[in-house]
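Me: I would like a close look at one part of this model. Please take the strands and their sheets, then add what bears on them.

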Amino acid sequence: MNVNSNMAMDQPSQSPSFRLKGGLFPLTLLELASGDLQQLRESLSVKVSEAPAFFEQAPAVLSLETLETDETELDLAAIQQLCQEFGVIIVALRGAGEELKAQAKSLNLAIMANSRSKSVSQTDTVHKPVSIEETPAADSKSASQGSTDTHPSVDSSTAETVMVPTKVITTPVRSGQQIYAAGGDLIVLAPVSAGAELLADGNIHVYGAMRGRALAGVKGNTSARVFCQSQEAELISIAGYFKLNEDLRNAHWKQSIQAFLTDETLNIEPLKASAR
């Protein structure tokens with residue numbers, strides 16, 4: 001018997017069967033205000049009819065943080081099934097108590113941490129279900145430590161300026177591609193195809209036709225803006241507030257625009273040089 005050959009056969013393969021990698025993906029945040037299934041059905045019907053392609057097999061997080069009724073009266077399984085009928089796939093639960101968390105686990109739903117602040121209600125044309133959050137491993141210490149000094153001093157001799165490089169893309173962004181600029185701005189010097197996705201913690205600049213999705217301020221930066229040379233987008237979002245293609249077609253279509261937030265309202269205006 002060849003001992004060496006048998007030992008080689010018993011050894012596990014050196015190639016791993018899978019790899020674990022981090023990713024950043026936009027999820028629709030469905031903020032439930034009422035557990036009334038009939039009311040939810042009617043609301044979903046209206047919303048999906050406005051943008052059927054957007055809600056086709058769309059993964060979503062069900063948030064109960066704005067729920068106005070007793071959450072113990074909710075039928076989580078029925079809500080999940082109802083949403084699925086309209087193409088919204090509930091993959092996680094947020095803002096629930098222990099009883100509903102147990103239900104969520106039985107339905108194979110992930111449990112997500114509560115948001116840092118209470119969400120605001122959405123308007124007719126500006127929606128707030130898109131939520132992209134990352135919890136920093138170690139944020140600023142001042143956020144977790146109390147202080148009675150409302151105007152803390154800053155030692156200029158020890159203060160450091162952290163420069164985050166702007167991410168610049170010089171080639172066309174194809175359908176299915178996702179580009180993320182962490183901590184800064186994203187500049188694209190080429191067209192962006194339908195089905196492509198741009199994400200940035202800061203601003204997004206597209207010096208070409210913007211036909212995909214542009215999500216600026218994805219970690220909650222309400223001062224972020226989106227600039228594009230030709231606005232033909234499927235979706236434009238700033239800090240989670242977004243408008244879909246149906247609304248965007250009435251907002252300076254195929255023109256140079258800038259998108260920004262004012263009082264939780266997403267504005268889209270022509271991009272014009274300031275007169276001096």
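What follows covers the two sheets, then a surface patch, the salt bridges and the core.

Reply: A caution comes before the details. This is a predicted model.

Start with the sheet of six strands. The sheet is open, its order is 6-8-10-12-15-16, and the pairing is mixed. Strand 6 (167–169) and strand 16 (265–270) stand at the edges. Each has a single partner strand, so one side of each is left without a neighbour in the sheet. Neighbouring strands here are turned by 20 degrees against each other on average, direction ignored.

Look at the strand 6 edge. Strand 6 and strand 8 run parallel, and three bridges join them. Ile169 has Val188, in strand 8, as its bridge partner.

A surface patch involves the loop that follows. Leu189 sits in the loop between strand 8 (186–188) and strand 9 (197–200). Together with Val168 and Tyr207, Leu189 makes a nonpolar surface patch of about 290 Å². How accessible is Leu189? Its relative accessibility is 44%, so Leu189 counts as partly exposed. In general, nonpolar side chains of soluble globular proteins tend to be buried together.

Now the second sheet. Five strands form this open sheet, in the order 7-9-11-13-14, again with mixed pairing. Its edge strands are strand 7 (178–181) and strand 14 (241–244), and each pairs on one side only. The average turn between neighbouring strands of this sheet is 10 degrees, direction ignored. Strand 7 runs parallel to strand 9, and four bridges join the two. Tyr180 stands opposite Leu199 in strand 9.

One salt bridge spans two of the loops between strands. The side chains of Glu232 and Arg211 meet at 3.1 Å, N to O. Glu232 is in the loop between strand 12 (226–231) and strand 13 (235–238). Arg211 is in the loop between strand 10 (204–210) and strand 11 (213–216). The two residues are 21 residues apart, and the pair links distant parts of the chain. Are these partners buried or exposed? Glu232 counts as buried because its relative accessibility is 13%, under the 20% cut-off. Arg211, at 36%, counts as partly exposed.

The count of salt bridges comes to six. Two others involve helices. Arg41 forms a salt bridge with Glu85, with the closest N and O atoms 3.2 Å apart. This pair also links distant parts of the chain: Arg41 lies in helix 2 (residues 37–50) and Glu85 in helix 3 (residues 76–85), 44 residues apart. Arg41 has 33% relative accessibility, so it counts as partly exposed.

Lys101 and Glu98 meet in a salt bridge at 3.7 Å, N to O. They are three residues apart in helix 4 (residues 98–106), so about one helical turn separates them. Lys101 is partly exposed, with a relative accessible area of 25%. Glu98 counts as exposed, at 61%.

Last, the core. Which residues of the largest nonpolar core touch the most other members? The answer is Leu32, Leu62, Leu64 and Leu93, out of the 31 residues in this core. Strand 14 is one of the elements that each supply at least two residues. Strand 2 (58–63), strand 3 (88–94), helix 2, helix 3 and helix 4 do so as well. The largest share, four residues, comes from helix 3. Strand 14 therefore appears twice in this account, as an edge strand of the five-strand sheet and as a contributor to the core.

Technical notes:
Residues numbered from 1 in each chain as written. Predicted model: local features only at pLDDT ≥ 70, side-chain atom pairs only at ≥ 80, totals over all residues. Heavy atoms only, no water. Patch = residues over 30% accessible without salt bridge, like charges linked within 9 Å, V, L, I, M, F, W, Y side chains within 5 Å. Areas by Shrake-Rupley, 256 points an atom, 1.4 Å probe, with all protein chains shown as cover. Salt bridge = Lys/Arg side-chain N within 4 Å of Asp/Glu carboxyl O. Buried < 20%, exposed > 50% of the residue type's maximum accessible area, 1.4 Å probe, protein only. Pairing = 2+ DSSP bridges. Axes fitted to C-alpha atoms, helices over the stretch in contact; angles between N-to-C directions. Core = buried A, V, L, I, M, F, W, Y, C linked by side-chain atoms within 4.5 Å.
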